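Please look over the fold, one pocket and one helix of the protein shown here.

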Amino acid sequence: MKYAKRILGDMKAVWMLLGVSVLLFIATPLFLTGPNLLNVLLAASITALLAIGQTYVIILGEIDLSVGSVLSLAGVTTALVMRTYGPIAGLGAGLAVGALCGLITGIFVTKFKMPSFIVTLAMLSMAAGLTLYITQGNPVSVKSASFLSIGQGSFLAIPTPVWIMLVTYVIFGILLARSRYGRYLYSTGDNIEAARLAGINVDSVKIRAFVICGMTAAIAAFILEARLGSAQPTAGKGMELAAIAAVIIGGTSLSGGRGVLVGTAIGALLLGVIDNGLNLLGVSPFLQDVVKGAVILLAVFLDRNSAAARNVLTSFKLGRQTTSSSTPPQSENLVAKT
């Protein structure tokens, strides 16, 4: 109960999600139907997976701009390896590519003291260019039925990608909340010098976070590729922004040291609900980006000003209590008059 209260109190995304859902329910009866809600979950699953690793990185006070390009590169690698060596080898190759990209990024950030913004921007360019060079700009088709079931199958009437998203969140959520590495991650993001003085290998913590970020990008690539039936060289273009938005909306602090994966999942779901609602209402795709940008601004504004708002409310309550305590009860006034 205490954990639920903390989530509801700390994460404005919960209230934003409820508010947007109520508005869409009023605006269109199609929104609150079972098939449409499953479509929302299915569409949000890829962003949600990308955002898992991004949450780890942002808790450290860093950022990864390359996840979209890493997704494309891992997807193309998976498809090419799968053609010759089968689905298992393809999945392993895709995960290895994602982890390698994260490892390179982590080494440059920690060992060469380069800003993650610059390193991941360079990785974004290199991964995108390498993907286009390998494929010559052409999609790579996938024929394996077992692999396609990852994106097109279902279990208990719920699409497989949603199950994969839930399982991945549980695994990385436990790692973040219950493991020693999770504690080190929060400590490093909160105060890196204090963490170093406490004996934490902060370089190792950072490198592992970037590796996790690359691997979750690869998992997102598997789902997207299996849904489409092919690996598109530009599939991940722009997805890094959606992932970062989901993390910020979910309450993870850009300055590091704070954030939970539950919030990230709700942030991704909120973006999915907004996309779905705007499509149902027939809003232009160009205006949809404007709306999503406004939502991100609102989330950051609420996050930055929530403390000030609480102070104002507390002062108001204290003022009322002081006024009421200084005013004698009505019964006492009557006694005094008599």
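The points below go from the whole chain to a pocket and then to a helix.

This is a predicted model, in which local features need pLDDT of at least 70 and side-chain atom pairs count only at pLDDT 80 or more, while totals for chains, interfaces and linings use all residues. Residues are numbered from 1 along each chain as its sequence is written, and side-chain values use heavy atoms, with hydrogens and water left out.

**Whole chain**
- The protein chain contains 15 helices and four strands; these are DSSP runs numbered from the N terminus, with helices (H or I) of at least four residues and strands (E) of at least two.
- Of the 338 residues in the protein chain, 46% are buried, meaning under 20% relative accessible area with a 1.4 Å probe, protein chains only.
- Among contacts (heavy atoms within 4.5 Å) between residues at least 6 apart in sequence, 78% join residues at least 24 apart.

**Lining of the second largest pocket**
- A pocket is an open set of points on a 1 Å grid over the protein atoms alone, where a 1.4 Å probe fits, with protein on both sides within 12 Å along at least five of seven lines; lining residues have an atom within 4 Å of a point.
- Helix H3 (34-59) gives the most to this lining, with seven residues.

**Helix H7**
- In helix H7 (residues 145-152), the buried residues are Phe 147, Leu 148, Ile 150 and Gly 151.
- Seen down the axis of H7, these buried residues fall within an arc of 140° (taken from the directions from the helix axis to the C-beta atoms), so they line one face of the helix.
- Their cover includes helix H4 (67-85) and helix H5 (87-111).

Notes. Buried means under 20% relative accessible area, exposed over 50%, partly exposed in between (1.4 Å probe, protein chains only).
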